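Visitor: I should like to go through this model with you, beginning with how its parts are arranged and ending with the backbone.

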2 protein chains.
Amino acid sequence: MEKNLARLKNVLNEIYDINAATAVLSWDQQTYMPKGGAEERACQLAALSKISHEKFCSPEVGQLLNSLEKSVPSLSRESDEACLIRVTRHLYNKKTKVPAKLVAEFASVTSIAQTVWEEARAKSDFAMFRPHLEKIVSLRQEYAALFSPYDHIYDPLLDDFEPGLKTAEVSRIFNEIKPEQSRLVEKISGKPEINNSFLFKPLYDEQRQWDFGVKVASAFGYDWTRGRQDRTAHPFTTTFGQGDVRITTRVFKDNLMSGLFSTMHEAGHAIYEQGISRLLKRTVLSDGASLAIHESQSRMWENLVGRSRDFWTYFYPKLMEKFSDGLAGVSMENFYRAINKVKPSLIRVEADEATYNLHIMLRFELEKDLMENKIQVKDLPELWRIKMCEYLNVCPEKDSDGVLQDVHWSCGIFGYFPTYAIGNLVSAQLWEKINAELPGLSGSIRNGEFKHLLSWLRDKIHRHGAKFSPQELVKKATGSEIRPEPYLAYLKKKFGDIYGLN
Amino acid sequence: MEKNLARLKNVLNEIYDINAATAVLSWDQQTYMPKGGAEERACQLAALSKISHEKFCSPEVGQLLNSLEKSVPSLSRESDEACLIRVTRHLYNKKTKVPAKLVAEFASVTSIAQTVWEEARAKSDFAMFRPHLEKIVSLRQEYAALFSPYDHIYDPLLDDFEPGLKTAEVSRIFNEIKPEQSRLVEKISGKPEINNSFLFKPLYDEQRQWDFGVKVASAFGYDWTRGRQDRTAHPFTTTFGQGDVRITTRVFKDNLMSGLFSTMHEAGHAIYEQGISRLLKRTVLSDGASLAIHESQSRMWENLVGRSRDFWTYFYPKLMEKFSDGLAGVSMENFYRAINKVKPSLIRVEADEATYNLHIMLRFELEKDLMENKIQVKDLPELWRIKMCEYLNVCPEKDSDGVLQDVHWSCGIFGYFPTYAIGNLVSAQLWEKINAELPGLSGSIRNGEFKHLLSWLRDKIHRHGAKFSPQELVKKATGSEIRPEPYLAYLKKKFGDIYGLN
């Protein structure tokens, strides 16, 4: 066993290194690569992906797993070794089940579809995109079918992002929150609109915004000796190893919040990755447990911390100092209300906390029904409109503001959207537990101190990496599996207070 | 043949892509990587090197070459295909002859030696470094011996950087130039010293220096849509493909010339790589012909162009505009003399054009004698002192200013130094030919125009990539193999004029 385990780790180390190299290339592509580098960069990325895939799907890995699994019963279920074998097996089974031909076809179809989608969105022309999306849906069905039997054809897709989570669980959770969030949004819409126009005046120096974001990320606990921040069109976090977890952001002179909150969000992702146990280094376990768990971290720092009164009690005076032009005469309370303004909108990425999940549920329902062939691609624009009107009371006039707004489907990403909403729920569930265990948390945050919060997250979430499934991890941390109540309670309390609903 | 050639290109493409990925990782390491990334980055680089090596040294490549070589007689010697097969064979034979054990031992010995060398240089303690260098020399001898029979044991080392060039040829050339350059330097030392102190006043804004360098590189023809410039401790050029050739530099407020000339130098390297024929893309031929040819390009733009009166006739007024503080009262002629000041010094990297080659010859002689066991590592400090006194009339008091000054030997790089001097010679030999074929060149440069020069280089040097050996390429371009006369004539004319020697 020792020898086989060492060999497996060796192979996984090499694959991790290759994937990390891929991540470096991809980061460079989005930050510094000159235009002329695109064509060859695509070749480089393809070469590394192919090598990584071949090495991971090799018969040797299968044989090592077969022989190591005989020893698993003698290991503690929570030991690093048992988890390594279990997680590697799960990934191995998934990856080796997919024929190379399907992988190649999917890559080629989605590559073309992305270009078409860009044009279709610009022209708001769904008909243009439709045949590509039809092909993608059918390829995703073909992919999912490889993993039958399943409870639901959407399960294998969801599992790619949330290991072990079932469509039925997501449906149950979403069905609980949807009416409540809808009702909340409806109530808010009866109240006077909050004025947040001062946030969008062209008065906010970009370098100062950048520096402020850096300060906040440092206060949260982002370790700059193991990371850095660069500018990109779309913010993201990327990991080249435990010693190098980078974030990106963008800042706009006429938007005080966009850059800052995206820095908080990405720092949340990055702090998670920086906190994974060093013992798991350079293996499949040196990763987040799932996208939802990842999102629970980013959304916690962005929203539960970064959009809280406690946080701004400490930071607002500092912000005012830096941006006295734009914030002159704005009280802390009005600032707090402005950054938490609820306004149903057509575009998910700009959605506030109260409406965000409703966008997600719409997509989840459409994806699920598409996979089941309950609905057809051709009906998507109309179904999208109907659901938007129903859930958010806003109705897109153009498909570019509707069904064409997200990049995900053109990339063939199905099963991903729910993780955003589940991440929100998990963030609140953890928050409830943290506050129970750290009664002084609110006061610490009012003093700009986050180390107890960080320690809790390090201990309960970060260090475990990908050892446990999202449900297992949430249960270990909070005592129960993912549940919607804490998030609903959080929303109702926060927005009830802001909008005087209670 | 078609099929085998396509397959060979395929394999070479993939290897090129992996090597390009390695170059990106290495660039990032020197530009933006946070400190914490070092350990895992080393693993990533090692993983990619190993894969690239395995793929290149695979039996399949050998079989493809064997079968393709049967068709070579039917191909034109200068065709891309014949060259591809010839160059790949040369590399294949070299790489496959080296046992993996030796490669690993060499990597480990030199990795340790570099750390020791850094400390030894800081303490000026050669005794510390000596055992490591002894081991390295013996490993290099072992390496060279793998390629016996040869005319000289130094030949296989030289060949790694200058395919086909022989130690005897280098010796012959160096023996011709050494006395002449020594005599020139001696004559100059009898003349009044040039005042260049104004170049080293802390009056030169770094950003302005940067911008000026960018302008000059653009004027030379460096294509910024296929490259970029970043800051590093040591300037370098790196290639990720024909569409992405990057340079780096550093600028100091109290040194007007360091940043600018290093930008010119690196732009020279980069313009070469950007000019390789697209037909050779992603193969072993998409590379410089040799290090000396590469250096001939960088030194041409840096010295024959960048340190010429013609160049500054156009650019000096622009420089004065940007740096009126530091250059107030400095005439164009005094500026020109200052940037061409000759002063024998202990340190190679700071050497002027007249003394530079003498540094190189010293190292070449020592390396050659070490390989032949004519001298011992223990005698190096003393031999270094004697030669410095003899060739340059300056004598290091400390080994840190002498035998410990260069990083090369600690990295195990033997055979590399001569390429610097040969590059200088080639630059002048090409320059002589270019001026004969482009009689208006001097006038163009005085107008800040370089396009005819660039076209000539593109046609005669750049586009060929690594198709021809350095000697072949120089002969094709100038009508004769590498010869020392043009460089000697250039030096004598330029410095005779500046120092009034004639």
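**Symmetry, packing and backbone**

Guide: In this predicted model, chain A is superposed on chain B by a rotation of 180 degrees with 0.0 Å of shift along its axis, at an RMSD of 0.0 Å. That is the relation of a two-fold axis.

Visitor: Through which surface do the copies meet?

Guide: Of the interface residues of chain A, 100% are also interface residues in chain B. The copies therefore meet through the same surface.

Visitor: Which element gives the largest share of the side of chain A that touches chain B?

Guide: The contact involves 31 residues of chain A and 31 residues of chain B. On the side of chain A, the elements that give two or more residues are helix 1 (2-31) and helix 2 (38-56). By class, this side has 14 nonpolar, seven polar and ten charged residues. The largest share, eight residues, comes from helix 1 of chain A.

Visitor: How is helix 12 of chain B oriented to helix 14 of chain B?

Guide: The axes of helix 12 (residues 309-322) and helix 14 (residues 332-339) of chain B come within 10 Å and cross at roughly 130 degrees. Because angles from 115 to 145 degrees fall outside the perpendicular and antiparallel ranges, helix 12 of chain B is oblique to helix 14 of chain B.

Visitor: Is the crossing of these two helices of chain B left-handed or right-handed, and which residues meet there?

Guide: Arg309(B), Trp312(B) and Tyr316(B) in helix 12 of chain B meet Met332(B), Phe335(B) and Tyr336(B) in helix 14 of chain B. The residues of this contact divide into five nonpolar, no polar and one charged. The crossing of helix 12 and helix 14 of chain B is right-handed.

Visitor: Which residues does a cis peptide bond join in chain A?

Guide: Most peptide bonds are trans. Pro149(A) is placed in the loop between helix 6 (126-145) and helix 7 (155-161) of chain A. With omega at about 0 degrees, the cis bond joins Ser148(A) and Pro149(A).

Visitor: Does Asn373(B) count as buried or exposed?

Guide: Asn373(B) lies in the loop between helix 15 (353-371) and helix 16 (380-392) of chain B, and has a positive phi of about 60 degrees although it is not a glycine. A residue with 12 or fewer C-beta neighbours within 10 Å is exposed. Because Asn373(B) has 11 such neighbours, it counts as exposed.

Terms used: Residues numbered from 1 in each chain as written. Chains lettered and ligands numbered in written order. Predicted model: local features only at pLDDT ≥ 70, side-chain atom pairs only at ≥ 80, totals over all residues. Axes fitted to C-alpha atoms, helices over the stretch in contact; angles between N-to-C directions. Helix = DSSP H or I, 4+ residues; strand = E, 2+ residues; numbered from the N terminus. Parallel < 35°, antiparallel > 145°, perpendicular 65-115°, else oblique. Left-handed = near helix turned anticlockwise from the far one by under 90°. Contact = placed C-beta atoms within 7 Å. Nonpolar A, V, L, I, M, F, W, Y, C, P; charged D, E, K, R; others polar. Least-squares fit on C-alpha atoms with pLDDT ≥ 70 in both. Buried ≥ 20, exposed ≤ 12 C-beta atoms within 10 Å, placed from the backbone.
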